[in-house]
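Q: I would like a close look at one part of this structure. Please focus on the place where the two protein chains meet, and on what lies next to it.

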Protein chains: 2
Amino acid sequence: MTQRKGPTGEPGAGSTGEAQTPPRPPRARRPTIGDVAALAQVSKATVSFVVNDRPGVSPQARRRVRAAMDDLGWQPNAGARALSTRRWQTLGLVIRRPPELLSTDPFFPQFVAGIETGLAPLGYALVLQVVPDAESERRAYERLAGDGRVDGVFLTDLRVDDPRPTLVTELDIPALIVGPPQEGSGVPSIGVDDGSGIRQAVRHLRSLGHRRIGHVCGAEGYVHTESRRIAWSEALAEAGLPDLPPAKADFTGASGAQATHRLLDRDDPPTAIVYANDLMAIAGITAATSRGLRVPEDLSVVGFDDIPLADCISPPLTTARQDVPAWGHAAARTLVALTEGKDFQPVELPPVQFIVRASTAPPPA
Amino acid sequence: MTQRKGPTGEPGAGSTGEAQTPPRPPRARRPTIGDVAALAQVSKATVSFVVNDRPGVSPQARRRVRAAMDDLGWQPNAGARALSTRRWQTLGLVIRRPPELLSTDPFFPQFVAGIETGLAPLGYALVLQVVPDAESERRAYERLAGDGRVDGVFLTDLRVDDPRPTLVTELDIPALIVGPPQEGSGVPSIGVDDGSGIRQAVRHLRSLGHRRIGHVCGAEGYVHTESRRIAWSEALAEAGLPDLPPAKADFTGASGAQATHRLLDRDDPPTAIVYANDLMAIAGITAATSRGLRVPEDLSVVGFDDIPLADCISPPLTTARQDVPAWGHAAARTLVALTEGKDFQPVELPPVQFIVRASTAPPPA
DNA sequence: TTGTAAGCGTTATCAA
DNA sequence: TTGATAACGCTTACAA
């Protein structure tokens with residue numbers, strides 16, 4: 001008593017006349033394009049033409065098909081469609097981040113939200129993977145590409161000498177680097193110049209009269225850590241200010257506090273510190289305060305990111321903000337275009353915005 | 001000159017001998033199970049048996065197949081497999097959150113990371129959708145279910161009278177509520193009792209000698225907002241303390257600061273405030289400080305979440321922490337089990353942990 | 001304008 | 001233990 005193929009089934013989620021099976025009713029069979037075609041008295045091809053908004057269908061047929069679709073509550077099965085078209089309408093995002101940093105970073109959720117605003121109108125979906133280390137990261141990309149689950153992938157948080165540009169080239173899958181371009185990698189990129197926020201910070205502090213401006217770095221090995229450190233260093237030189245050794249840290253509050261103490265322990269402590277992110281800056285304020293320094297009277301502090309807390313603390317934090325959702329939006333549109341075989345078009349993104357609040361002031365006399 | 005089907009193609013990503021086409025080499029054809037079968041001189045069925053670790057294949061054949069797989073770098077196409085098995089090995093997570101709250105909330109990234117640790121070993125993927133409002137939320141679920149793109153969905157951030165339990169039942173898709181159970185919805189749930197953290201907070205403050213303990217609520221309409229408010233109210237009653245009207249807020253720093261001022265403006269201001277999250281608590285500390293109050297000497301403050309910043313500020317925040325990654329992990333395993341037709345097994349989660357830091361102290365004399 | 005039929009790359013069935 | 005062959009649900013030539 002095998003069920004015959006075709007529109008003879010009883011589609012829809014209506015209750016069947018069978019005796020009640022209390023434990024777990026089997027999931028109802030979903031209607032197929034065949035059911036719709038039969039109900040609308042047209043061929044499957046016609047239904048396909050209608051759902052895909054292609055011309056060459058009479059208005060009457062089109063109307064009947066639409067009615068049948070609504071009746072049955074049918075929508076095309078993504079997998080079957082993908083199998084035919086070889087297009088998944090799905091993009092992949094792999095995030096490698098130590099768990100303790102994940103909930104810290106304002107970038108990730110905002111970026112994902114931005115991606116969605118770009119993807120949703122196009123009917124694309126996002127598959128997300130969070131991995132702990134380099135090895136699982138590589139496997140994640142291999143799998144996403146290999147089983148054809150996604151049409152393209154984002155590359156975020158690039159590290160110095162990151163193997164992923166090479167990897168995606170080998171895997172032959174469209175990819176987009178989110179962040180500063182990697183010259184020579186052959187992988188297109190989208191991003192704004194991190195350094196600009198730092199340079200604005202240094203200029204701001206210089207104009208307040210600061211001459212010894214320190215920097216607390218982010219986690220080693222990341223491209224954006226380096227670009228922020230280099231921007232700071234170059235901005236100092238440009239402003240004719242003395243070089244200071246950067247204080248290494250890793251984006252966590254604890255590391256930021258330690259780095260702050262190291263800087264303040266110097267014989268010639270800085271009168272202002274530019275941090276690679278807000279979390280470390282806030283921890284730095286606490287560290288400085290605990291030494292009896294007042295912020296901003298004795299020490300000026302600048303963060304990076306403009307997290308929601310930045311203006312809830314005392315003093316409100318001077319910081320640099322990127323329009324990360326806009327970034328995600330643009331990245332999504334760009335990668336979709338790439339997967340559709342279009343040529344890469346660099347996108348203009350809103351520049352970093354420097355926000356002056358109360359954590360910066362002229363240096364002590 | 002149409003390309004014939006079969007193993008005659010030239011699979012793999014090796015360079016072809018063709019003349020270089022500078023602009024954009026077409027993506028190489030991926031090898032299929034047929035190619036592997038041909039190379040290993042077995043049938044497709046045998047290859048399928050091997051990749052799926054099913055018995056009934058001779059060791060020799062198995063070996064030849066594995067070799068061929070490695071040679072060709074083949075892995076089964078997810079869509080074709082899904083079409084056959086009707087199982088996507090994919091779960092869906094829809095997050096409705098106003099963008100400004102997204103980067104604030106420590107729950108989301110931690111939960112996603114936890115889900116991944118549960119999903120990765122099972123070979124499952126997660127498709128994520130971030131939506132701005134109820135309408136797009138409904139559409140997102142309808143599409144994920146109707147598409148057949150996912151095998152099951154998570155329901156997070158439940159609201160009072162949330163339509164989603166009904167929706168997923170209608171859509172006939174396995175679902176799991178993440179949070180307190182919704183009685184009568186018929187949808188299984190996983191979560192811990194939020195209220196426990198709040199009750200511990202009240203008891204802690206009571207034991208310090210506080211008698212007027214206020215509460216700043218989260219955004220209205222959320223189940224977890226209500227459960228925290230109710231826990232506070234009940235804990236007061238239980239401790240024999242006077243009732244105070246809860247101060248409404250919405251989880252943002254600004255709302256937390258305002259609510260704090262409203263409480264402190266009272267004729268009988270509280271000597272301690274329990275906030276529905278850390279962000280509001282930190283903003284509350286700033287607000288209180290700006291009025292000349294000292295924390296904790298004049299006002300004790302308790303948060304909720306234990307965000308990374310909680311112990312970087314001054315004073316370090318007394319707060320309640322949930323093991324959100326563990327939660328995500330368990331949720332993932334549970335939902336996978338549900339999609340595989342297994343019966344729902346409630347899971348024991350680590351309890352809320354109450355963390356005493358320096359933002360609480362005995363009330364002023 | 002419409003219908004027929006051949007893929008797409010798997011897994012499942014069943015006979016050998 | 002194996003191999004044909006038929007689904008799975010859709011798109012797309014091509015024919016009518």
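How many residues of chain A are in contact with chain B, and how many residues of chain B take part?

A: This is a predicted model, so local features need pLDDT of at least 70 and side-chain atom pairs count only at pLDDT 80 or more, while totals for chains, interfaces and linings use all residues. Residues are numbered from 1 along each chain as its sequence is written, chains are lettered from A and ligands numbered from 1 in the order in which they are written, and side-chain values use heavy atoms, with hydrogens and water left out.

Now the count. 60 residues of chain A are in contact with 60 residues of chain B (contact means heavy atoms within 4.5 Å).

Next comes area. The size of an interface is often given as the accessible area lost when the parts come together. Chains A and B bury about 4900 Å² between them (buried area is the accessible area, taken with a 1.4 Å probe, that two parts lose on being put together, summed over both). Carbon and sulfur atoms carry 57% of it.

What about charges and polar groups? The rule finds 0 salt bridges across the interface (a salt bridge is a side-chain nitrogen of Lys or Arg within 4 Å of a carboxyl oxygen of Asp or Glu). Polar contacts do occur: 18 residue pairs make them between the chains, both residues at pLDDT 80 or more. (A polar contact is a pair of N or O atoms within 3.5 Å; within protein, one must be able to donate a hydrogen and the other to accept it, and residues adjacent in sequence count only if both atoms are side-chain atoms.)

Several elements of chain A each supply at least two residues of its side of the interface, among them helix 6 (107–119), strand 2 (125–131) and helix 12 (278–290). (Helices, H or I with at least four residues, and strands, E with at least two, are DSSP runs numbered from the N terminus.) By class, this side of chain A has 32 nonpolar, 15 polar and 13 charged residues. (Ala, Val, Leu, Ile, Met, Phe, Trp, Tyr, Cys and Pro count as nonpolar, Asp, Glu, Lys and Arg as charged, and the others, Gly among them, as polar.)

Look again at strand 2. Strand 2 of chain A pairs with strand 2 (residues 125–131) of chain B, antiparallel, over 3 bridges (two strands pair if DSSP finds at least two bridges between them). There, A:Val127 has B:Val127 as its bridge partner.

This pairing sits inside an open sheet of 10 strands, with mixed pairing, in the order 5(A)-4(A)-3(A)-1(A)-2(A)-2(B)-1(B)-3(B)-4(B)-5(B). Strand 5 (189–190) of each chain stands at an edge with a single partner strand, so one side of each is left without a neighbour in the sheet. In chain B, strand 4 (residues 175–178) and strand 5 run parallel, joined by 2 bridges.

Both chains also meet DNA. 29 residues surround DNA strand D, with A:Ile33 and B:Ser43 among the closest (near means that a heavy atom of the residue lies within 4 Å). A backbone N or O atom of A:Ile33 lies 2.3 Å from a phosphate oxygen of DNA strand D. DNA strand C is surrounded by 28 residues. A polar side-chain atom of B:Trp74 lies 2.7 Å from one of its phosphate oxygens. Helix 4 of chain B gives the most to the surface near DNA strand C, with 4 residues.
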